[in-house]
2 protein chains.
Amino acid sequence: MTTMDRFSFNQATARDWRMPEMLAGCAAAGARWVGLWREQVAEYGLARTAEAVQANGLAVSTLCRGGFFNTDDWYPSNRRAIDEAVALGAPVLVLVSGGLAGGSRDLSAARDHVTRAVEALAPHAEAAGVQLAIEALHPMFASDRCVICTLAQALDIAERFEPRAVGVALDTYHVWWDDTVYRQIDRAGAGQRIATFQLADWVTPLPAGVLTGRAMPGAGCVELGRLWAAVDAAGYRGPVEVEIFNDEIWSWPGDRALSAAVDGYRAVSAQLPTPA
Amino acid sequence: MTTMDRFSFNQATARDWRMPEMLAGCAAAGARWVGLWREQVAEYGLARTAEAVQANGLAVSTLCRGGFFNTDDWYPSNRRAIDEAVALGAPVLVLVSGGLAGGSRDLSAARDHVTRAVEALAPHAEAAGVQLAIEALHPMFASDRCVICTLAQALDIAERFEPRAVGVALDTYHVWWDDTVYRQIDRAGAGQRIATFQLADWVTPLPAGVLTGRAMPGAGCVELGRLWAAVDAAGYRGPVEVEIFNDEIWSWPGDRALSAAVDGYRAVSAQLPTPA
């Protein structure tokens, strides 16, 4: 395998790059995979996106994102997201649970509701051949974006279901700080639960609002090579996405963001016992 | 017990309020306790601060803070901090571990070093009658302020020592998101490890740099009453500090910040099965 065989460009890294140019750019860079976002897919058109992915010889690694179970229309919205994943040939739908419902302080109730929501969606996902990937977001997002804060929590929910129906999304940015992360990666791998692996690095100071503080792989303090090696050792063989939310990178031309993502991916890959 | 019997005003809440006015203000408000910071104590003078605390009929609940074990002079600095706690009659010295050493990505090594540092300091603390309180900071501070990110981690270290030498500092702001927090509070209480309990609330959006995003008790989304009740149920009977880092509150006159802290404390106390 060459390095690029597992590289996936998550389009959130170049948020404003138009879909056809983004897909052509990925193909030209030698990528085989892309991670897509529902908003961008809807804007360009679902069928049209699926055709363009194919025409460029690409495959979709993940569709981002379902979840936000604290909204009124979570059920129909997530059903549609599963159907969109099918239309795009995406094997994985990433779920970001959503935060507390407006005005509520009851984290336990919010977390119970996430379990019930996944339970409601799992049969449709399984029948459709789409694996739901519960993502733990960094605890700084607990109130407003994701009440699932650790890999252990995501696995506690996922393990209630068949692995082909429900796994976890593992993003280095969100889990690197956790002193139990290597144990949880082993647990996730042993249960065939690693649905996707994403690389992003941590830098300080965080910007206001904290959403867009992520950095290209290698630019921060996360032991990305150690985490990737652990994920591989746990049996994961799938695509490795680079997904960076960063205001400065969003101001770049798309091909510059893609090129930086490829460079970061290669640099981390070179730290593996057996580079990808 | 009246509500004010357990209230402690941590002076970081009114960072720029001069020591003598702050202490007089606390006494006038009916407080019995204050939490002090080494920088402010040094500025006013150690002996002079100790005298002023006594003259106002107050006692020191905690001295903040030791730690920052990633600095070159951590050992003499923390020895001095223990001696300062003795001089102030403070039974507890709060330890914030510090982040990664400059340029390092090795979280495991940084964490091992924290354990060794506490080991080096514990005999002096025990002999001095000062309990070291290992504080878990929110994981968003893992790289630059504190590699101890969860109550479980803090307890894993504390439990290597006698409870009178090493406990944990439990600040709602830092631990509220953790789905294991109630289990860990029970564990901490059973082992007599709760050295101090601090109230601060979580609000979004976080400001740039994230340090000063805390809110007065009741202004945010944390189940403060449930956490306090759990801490009491675990056997803690000590002071409850209000410690808020917030740029807006720092711009207020000190007595306004104190008054808001008392109001927040009383409002949370009123939610307890048996109000303090």
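Q: In this predicted model, where does Met216(B) sit, and is Met216(B) buried or exposed?
A: Met216(B) is in the loop between E9 and helix H9 (224–233) of chain B. Buried here means under 20% relative accessible area. Met216(B) comes in at 9% relative accessibility, so Met216(B) counts as buried.

Q: Which residues is Met216(B) in contact with, leaving aside neighbours within four places in sequence?
A: Let's go through the list in sequence order, skipping anything within four places of Met216(B). Thr13(B) and Asp201(B) are on it, and so are Val242(B), Ile244(B) and Ile249(B). The rest of the list is Ala257(B), Ala260(B) and Ala261(B).

Q: How many Å apart in space are Met216(B) and Trp37(B), C-alpha to C-alpha?
A: Along the chain, Met216(B) and Trp37(B) are 179 residues apart. In space, going from C-alpha to C-alpha, the value is 19 Å.

Q: Which residues of helix H1 (residues 19–28) of chain B are buried, and what arc do they cover around the axis?
A: The buried ones are Met19(B), Met22(B), Leu23(B), Gly25(B) and Cys26(B). They sit on the same side of H1(B), because the arc they cover around the axis is only 160 degrees.

Q: What do the buried residues of H1(B) pack against, and which residue with a positive phi follows H1(B)?
A: The partners include two strands of chain B, E1 (7–10) and E2 (33–37). Helices H2 (38–44), H3 (46–55) and H11 (254–269) of chain B are partners too. As for what follows H1(B), phi is positive there, near 90 degrees, and the residue is Gly30(B).

Q: How many residues of chain B are in contact with chain A, and about what area is buried between chain B and chain A?
A: On the chain B side, 33 residues are in contact with 33 residues of chain A. Carbon and sulfur atoms give 57% of the buried area. That area is about 2,500 Å².

Q: Which residues in chain B lose the most area to chain A?
A: Three residues lead here, and together they make up 23% of what the chain B side buries. They are Arg105(B), Trp177(B) and Asp179(B).

Q: What is the count of salt bridges between chain B and chain A, and how many residue pairs are in polar contact?
A: For salt bridges between chain B and chain A, the count is zero. Polar contacts are another story: with both residues at pLDDT 80 or more, the number of residue pairs across the interface is 14.

Q: Which helix gives the largest share of the side of chain B that touches chain A, and what is the make-up of that side by class?
A: The largest share is three residues, and it comes from helix H5 (residues 107–128) of chain B. By class, that side has 16 nonpolar, nine polar and eight charged residues.

Q: Where is Thr150(A), and which residues of chain B is Thr150(A) in contact with?
A: Thr150(A) is in the loop between strand E5 (131–135) and helix H6 (151–158) of chain A. Thr150(A) is buried, at a relative accessible area of 9%. Beyond its neighbours within four places in sequence, Thr150(A) is in contact with Ala136(A), Trp177(A) and Asp178(A). From chain B, the contacts are Trp177(B) and Asp179(B).

Q: Which peptide bonds are cis, one ending at Arg65(A) and one at Pro205(B)?
A: Arg65(A) lies in strand E3 (residues 59–67) of chain A, while Pro205(B) is in the loop between strand E8 (201–202) and strand E9 (214–215) of chain B. Omega is near -10 degrees for the bond from Cys64(A) to Arg65(A). Omega is near 0 degrees for the bond from Thr204(B) to Pro205(B).

Methods: Residues numbered from 1 in each chain as written. Chains lettered and ligands numbered in written order. Predicted model: local features only at pLDDT ≥ 70, side-chain atom pairs only at ≥ 80, totals over all residues. Heavy atoms only, no water. Contact = heavy atoms within 4.5 Å. Buried area = accessible area lost by both parts, 1.4 Å probe. Salt bridge = Lys/Arg side-chain N within 4 Å of Asp/Glu carboxyl O. Polar contact = N/O pair within 3.5 Å; in protein donor to acceptor, adjacent residues only side chain to side chain. Helix = DSSP H or I, 4+ residues; strand = E, 2+ residues; numbered from the N terminus. Nonpolar A, V, L, I, M, F, W, Y, C, P; charged D, E, K, R; others polar. Buried < 20%, exposed > 50% of the residue type's maximum accessible area, 1.4 Å probe, protein only. Arc of directions from axis to C-beta.
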